[in-house]
Amino acid sequence: MKKLTTFALLMVSFFAAAQQETIDQKVNALLKKMTIEEKIGQLNQYTGDNSATGPITINPNKQAEIKAGLIGSMLNVVGTKYTRQYQELAMQSRLKIPLLFGQDVIHGYKTTFPIPLAEAASWDLQAIELAARVAATEASASGIHWTFAPMVDIGRDPRWGRVMEGAGEDTYLGSKIAYARVKGFQGNKLGDLNSVMACVKHFAAYGAATGGRDYNSVDMSERMLFETYLPPFKAALDAGAATFMNSFNDINGIPATGNVHLQRDILKGKWNFQGFVVSDWGSIGEMVAHGYSKDLKAAALSAITAGSDMDMESNAYRYNLAELVKEGKVSIDLIDDAVKRILRKKYELGLFENPYKYSDDKRAEKALNNPENRKAALEVAEKSIVLLKNENQTLPLSKSLKTIAFIGPMVKEYKANMGFWSVELPDVDYDKWVVSQWDGLQNKVGKNTKLLYAKGCEVDGDNKDGFAEAVATAKQADVVILSIGERRDMSGEAKSRSDLHLPGVQEDLVKAIQATGKPVVVLVNAGRPLIFNWTADNIPAIVYTWWLGTEAGNAIANVLSGDYNPSGKLPMTFPREVGQVPIYYNHFSTGRPAPNENSTGYVSSYIDLKNSPKFPFGYGLSYTKFNYSDLKLSSAKIKSNETIKVSFQLSNVGKVAGEEVVQLYLQDKFGSVVRPVLELKDFQKVKLNAGESKTIEFTIDKEKLSLYNDKIEWVAEPGDFEVMIGASSADIKLKANFELVQ
Ligand code: NOJ
């Protein structure tokens, strides 16, 4: 049997190699027929007519250019009809090279899933992969070949609006999620009907923009780059990611788009990436504004030299590369390499066999209206919700409530629940497609419970005219649910905020409602960690809902009613005040650590604020309670070629079934470089029935003990380590020491 399996595997890899060979042969044969203009055309990407995701260049010749083979790819063309129309133009070109259609399918296509940061809060890799799988199934049926996702930038600064697109602040969690998302988008293999190419972005360190201001500069040590910011990219590559996107920022003075070190040395060199790199929107041209390139031609030279294969909307390659080749500044080999990388993907997708393969009306109709997709969106949305506070068992809501007041600017919103970076499809009425929070709760409560509504106020602005009605409504109810937060367009690209407090007069509304003496539950809708200290200190129950997508209303209703027991944990630290930002749990040990929360004096602390966050990384409550006990290590010493088994008992000591994300942290006590106070190195999401106990096991190996030393070598240094098992980064339940010996 074993022999047979080995033989089968050999045959599969033989055929895979043979197929790859034929693709390479086909690419080479086609390349020989191409003029220099046609080659450069393959490196050129234009936007279509669907909602723009950057500053548009008006080009009346687009259609003629496609027919002339001068465009290799388009973005923002959605739906079978439009992708087919554009592809028909490409099929009129001399060599009939099909167009690639790319799109920001970030958290769902028609069925919108929670924003990526919310999904990360699920810590559920299967759920995250499923969300990407469903998105790929819908997008690929609608003519899309390629999603500009996953975004794997580490986000340690909630002022940066794009933290909503990523997996949060942690490298380990972010790497696992990056891997899962790529697998989800690309499925079994490129070329399958329901797979889209992934595009890992933004390479690199875009999330470390100074001051949290989008597009701003990044200055970072090589060690920090390798240890904290690059691993999620590498994980995505290991998952087979077909493409990468570079980033807008400069890093240590060199724009990422023209950065040889990032793209040639690391990505295509050290990591041997065989796919292609697309620039970010206009980022080749922006090297002029950076003051790095004197004009568009110089920018084109830098970008192609550095390894940016495709030019998104800069028109830099289209108008300059041929001349640069003629002048001998760019070798034709460099162009050929970029073209080959792109053509290879077009072959792998099967576009040369059938350029309309993914634009199939019947398949689209079925995929976009598949009830299973909504079911998946509901499941993932439930898992993404984080219960931040629940005093006096305010939640779940009692089934015998007679009247509930549902108050706030989010209650009756539909589209808002989709968050930023949802795909706008022209023929979908999102007000009907999305379940509002009101509709969700209305469908949930029985006939004997009356739901009352008042808006109270807008998300922003200083108008309090609606307060009186809201207070009067609250007074008639047994319990009040207040749904507040950011507007959906307050996070996302170009949505940096210097103030992270709840916008407008919303916290005043919370105070006014609290003053009625009624039990209050606050739902916070947002694309980033917000600051709401008064609410956090005074309101008994707080649920962080982020933006949950198409099934938002049902997911929230299931949590409020207890039909789903919340299991999410924060993937980002929540600060007390903006002054603490950037704030993240795995900071270095300083030489003068503050002995306690309130220490001042000559220690590393603020004189006007605690060091600790309001809510720590990894934190989230459940309707049940978990007990951690009996930590055991298989050995107190480990050699670098050995492993240690860590085990403990997890018990559900509450009254209902629930899921707990158990987190394993390590601290390297001494290193040749300063180490973080603790680092997440593993986790499991465990489901236990009421009263059930389970032995949980983790394995520690050399990989988990390694660090980048000052020579940027990945090494495990002998010495003492502490292993910590926690319910969050700030709630360590069990710990023990061990030693790594030579
Ligand atoms: C700019 C964004 O930075 C990038 O993430 C996105 O994929 C492109 N625009 C295309 O919309």
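**Ligand shell, parallel sheet and a buried asparagine**

In this predicted model, the ligand is surrounded by 13 residues, and the closest of them are Thr53, Asp104, Arg162, His202 and Asp280. By class, the shell consists of six nonpolar, two polar and five charged residues.

Several side chains place polar atoms beside oxygen atoms of the ligand. For aspartate 280, an N or O atom of the side chain is 2.5 Å from a ligand oxygen. Histidine 202, already named among the closest residues, has a polar side-chain atom 2.7 Å from an oxygen atom of the ligand. Its sequence neighbour lysine 201 also takes part, with a polar side-chain atom lying 2.8 Å from a ligand oxygen. On its own the ligand has 290 Å² of accessible area, and the protein covers 100% of that area.

The next element to look at is a sheet. The sheet is open and has five strands, arranged in the order β4-β3-β2-β1-β10 with parallel pairing. Its edges are formed by β4 (146-147) and β10 (311-312), each of which pairs on one side only.

Strand β1 can be followed in more detail. This strand spans residues 44-47 and pairs with β10 in the parallel sense over two bridges. Across from β1 in β10, aspartate 311 stands opposite asparagine 44, and methionine 312 stands opposite glutamine 45. Towards strand β2 (residues 73-75), β1 is joined by three bridges, and these two strands also run parallel. Here glutamine 45 stands opposite serine 73. Glutamine 45 therefore has a partner on either side of β1: methionine 312 in β10 and serine 73 in β2.The side chains of β1 alternate in direction: Asn44 and Tyr46 point one way, while Gln45 and Thr47 point the other way. Both sets are buried.

A further residue to examine is asparagine 558, which is found in helix α22, a helix covering residues 552-561. Is asparagine 558 buried or exposed? Its relative accessible area is 11%, so asparagine 558 is buried, the cut-off for buried being under 20%. Leaving aside neighbours within four places in sequence, the residues in contact with asparagine 558 are Leu378, Glu382, Lys444, Asp563 and Tyr564.

Key:
Residues are numbered from 1 along each chain as its sequence is written. This is a predicted model: local features need pLDDT of at least 70, side-chain atom pairs count only at pLDDT 80 or more; totals for chains, interfaces and linings use all residues. Side-chain values use heavy atoms; hydrogens and water are left out. A residue is near a molecule or strand if one of its heavy atoms lies within 4 Å of it. A polar contact is a pair of N or O atoms within 3.5 Å; within protein, one must be able to donate a hydrogen and the other to accept it, and residues adjacent in sequence count only if both atoms are side-chain atoms. Accessible areas come from the Shrake-Rupley method with a 1.4 Å probe; for residues, only the protein chains shown count as cover. Ala, Val, Leu, Ile, Met, Phe, Trp, Tyr, Cys and Pro count as nonpolar, Asp, Glu, Lys and Arg as charged, and the others, Gly among them, as polar. Two strands pair if DSSP finds at least two bridges between them. Helices (H or I, at least four residues) and strands (E, at least two) are DSSP runs, numbered from the N terminus. Buried means under 20% relative accessible area, exposed over 50%, partly exposed in between (1.4 Å probe, protein chains only). Contact means heavy atoms within 4.5 Å.
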